[in-house]
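Where do the charged groups of this protein sit, and what surrounds them? Keep the structure open and follow the residues in turn.

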Amino acid sequence: MKILLTGATGYIGKRLLPLLLEHGHEVICCVRDKNRFYFPEKASGNVQVIEVDFLESQSVENIHNDIDAAYYLIHSMSGADNYDELESISANNFKEKINKTKAKQIIYLSGIINDRVLSKHLSSRKAVEEILKTGKTPTTTLRAGIIVGSGSASFEIIRDLVHKLPVMITPKWLNTRCQPIAIADVLEFLMKALLNPKTYNESFDIGGSDILTYKEMLLKFAEAKKLKRYIYTLPVMTPKLSSYWLYFITSTSFKLATALVSSMKVEVICSDNRINDLLDVKPMNYHQALQKALIKIDEDAVASSWKDAQISGQFKGSVAYYFKVPKKDCFIDRRKRKIINRDRTIAKIWSIGGETGWYYGDWLWSLRGFIDKIFGGVGARRGRTSRHEIHAGDALDFWRVVYADKKEGKLILYAEMKLPGEAWLEFKIFNNTLYQAATFKPRGMLGKLYWYAVLPFHGFIFNGMINELVIE
């Protein structure tokens, strides 16, 4: 079968794609930027990648009419302030195009909606569902609450809070109940609903076997990690303060924190479990979901992370736009060293950042990340999805990977921190020599002043870093 997969570079899409291929489907992946699409089996002949921006009605014409079903996995929760309007435009353009195809089904992953007063996030999900239903193609909506899996936004927030705070003074919404579901179960529902006539023109709630408060979820995570944690809730913390609390303690962006806080005040519990019997799925409990996620992290086998989405930082547009590092009107710190062992140096470069650190002056990198957070930037808490592999589009602390080729020995990072200009960090191996360049394109006089202010630290940081990269 030919399956259209939107959101193919997203958290769910990256995990769903290999499952579709395992079942023998031909998958047409819709992405906004081909340069951000990485899949080791893409040369197999069963994957086709097309660039589509669903906000542009002309762009959707790139989709072929000869498809059997389509997954709609597009969300913009932490993007622009008017993301609800953008999601409606995207859904309408998608629906109109699918109406012209041979598709027998649309599968949409939404959020659980069982409260009369909905957050902006959940209201937007509901509006998209209603738009898709007005099309002629049968729509199956799966509504999930908190998704528990390595790399999911909710899981990473829980992990950050438990690891960093032995004692938590928290807002009262931590007493709100929800029904978390393992990412493995979400994927099983998505797969088993595919081209199943029993699910056509139906909406289903999907959830795990436990109903817990957010406070209980935090404490059970602490128990799984054998950590003693104390949580006290206060009724005085406003939504804005709650958002700042999440923003400064966890790796989330402020916009995402605001959207999550708004949603977490609303109970998200399945109204019925009929789909479990319909598709013969037995969702695991919260403890089992945690264990699976923690194993993936320990094995460095995290398939996808919300942090790699563009909405996690300041990155806009195509990766290709940032690939060509400018030289004109730029300040550049260039250094080079003869390398002793090429493979060893490549391995070090490809492991930079995250838990590994920056090999020299890590406290200064951490300080820069903290300052960035204060000024509303991404900070350095995003880390990296894999400890040893990186690909174009990945987040790496407060950088974004714009080019990564191990064979060529070249890595280019673009800064997503708050800056009075633009910055790149480049590593390249040529003729047994490592070339390292930090490029800054200032924005006006403030940008030039910034460069000279940090210049004294460059000799310390960049010189020490390249020395560490070339030694055995």
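Start with Arg15. Its side chain is buried yet has no salt bridge. The nearest side chain of opposite charge belongs to Glu156, 7.7 Å away. A salt bridge needs a nitrogen and a carboxyl oxygen within 4 Å. The model is predicted, and side-chain atom pairs count only at pLDDT 80 or more.

Arg15 lies in helix H1, which spans residues 11-22. What does the side chain of Arg15 contact instead? One partner is the backbone oxygen of Ser150, 2.5 Å from a polar atom of the arginine side chain. Another is the side chain of Ser304, in a polar contact of 2.7 Å.

Ser304 also leads to a cavity. Together with Thr9, Gly10, Tyr11, Lys14, Arg36, Ser305, Asp308 and Ala309, Ser304 lines the second largest cavity. The volume of this cavity is about 40 Å³. Its lining is mixed: two residues are nonpolar, four polar and three charged.

Now turn to Glu156. This residue forms a salt bridge with Arg159, with the closest N and O atoms 2.9 Å apart. Glu156 and Arg159 are three residues apart in helix H4, so about one helical turn separates them. Glu156 counts as buried because its relative accessibility is 4%. Arg159 has 19% and also counts as buried, since the cut-off is under 20%.

Helix H4 has a part in two hollow spaces. One is the largest cavity, with a volume of about 120 Å³. A search of the whole structure finds two cavities of 30 Å³ or more. Which helix gives the most to the lining of the largest cavity? H4 does, with four residues. Helix H6 (214-224) is another helix that supplies at least two. Residues lining this cavity include Ile157, Ile158, Leu161, Trp173, Tyr214 and Met217. By class, the lining has 11 nonpolar residues, one polar and no charged.

The other space is the second largest pocket, at about 740 Å³. Of the 33 residues that line this pocket, Gly354, Glu355, Arg381, Arg382 and Gly383 are the closest to its centre. Helix H4 (153-164) and helix H13 (362-374) each supply at least two lining residues. H13 gives the most, with six. Here the lining has 14 charged residues, 12 polar and seven nonpolar.

Arg382, one of the residues closest to the pocket centre, has a charged partner. Glu416 forms a salt bridge with Arg382, and the closest N and O atoms are 2.9 Å apart. Glu416 lies in the loop between strands S17 (410-415) and S18 (421-430), and Arg382 in the loop between H13 and strand S15 (395-396), so the pair ties together parts that are 34 residues apart in sequence. Are these two residues buried or exposed? Glu416 is buried, with a relative accessible area of 1%. Arg382 is buried too, with a relative accessible area of 1%.

Two further sites complete the tour of charged groups. Arg274 and Asp272 meet in a salt bridge of 3.3 Å, N to O. Arg274 counts as partly exposed at 39% relative accessibility. Asp272 is partly exposed as well, with a relative accessible area of 29%. Elsewhere, a network of salt bridges links Glu61, Lys97 and Lys100. In total, the structure holds 17 salt bridges. Arg15, where the walk began, is buried without one.

Terms used: Residues numbered from 1 in each chain as written. Predicted model: local features only at pLDDT ≥ 70, side-chain atom pairs only at ≥ 80, totals over all residues. Heavy atoms only, no water. 1 Å grid on protein atoms, 1.4 Å probe; cavity = no way out; pocket = protein on both sides within 12 Å on 5 of 7 lines; lining within 4 Å. Points joined across faces, edges and corners; volume = space filled by probe spheres on them. Nonpolar A, V, L, I, M, F, W, Y, C, P; charged D, E, K, R; others polar. Buried < 20%, exposed > 50% of the residue type's maximum accessible area, 1.4 Å probe, protein only. Lys, Arg positive; Asp, Glu negative; His and termini not counted. Polar contact = N/O pair within 3.5 Å; in protein donor to acceptor, adjacent residues only side chain to side chain.
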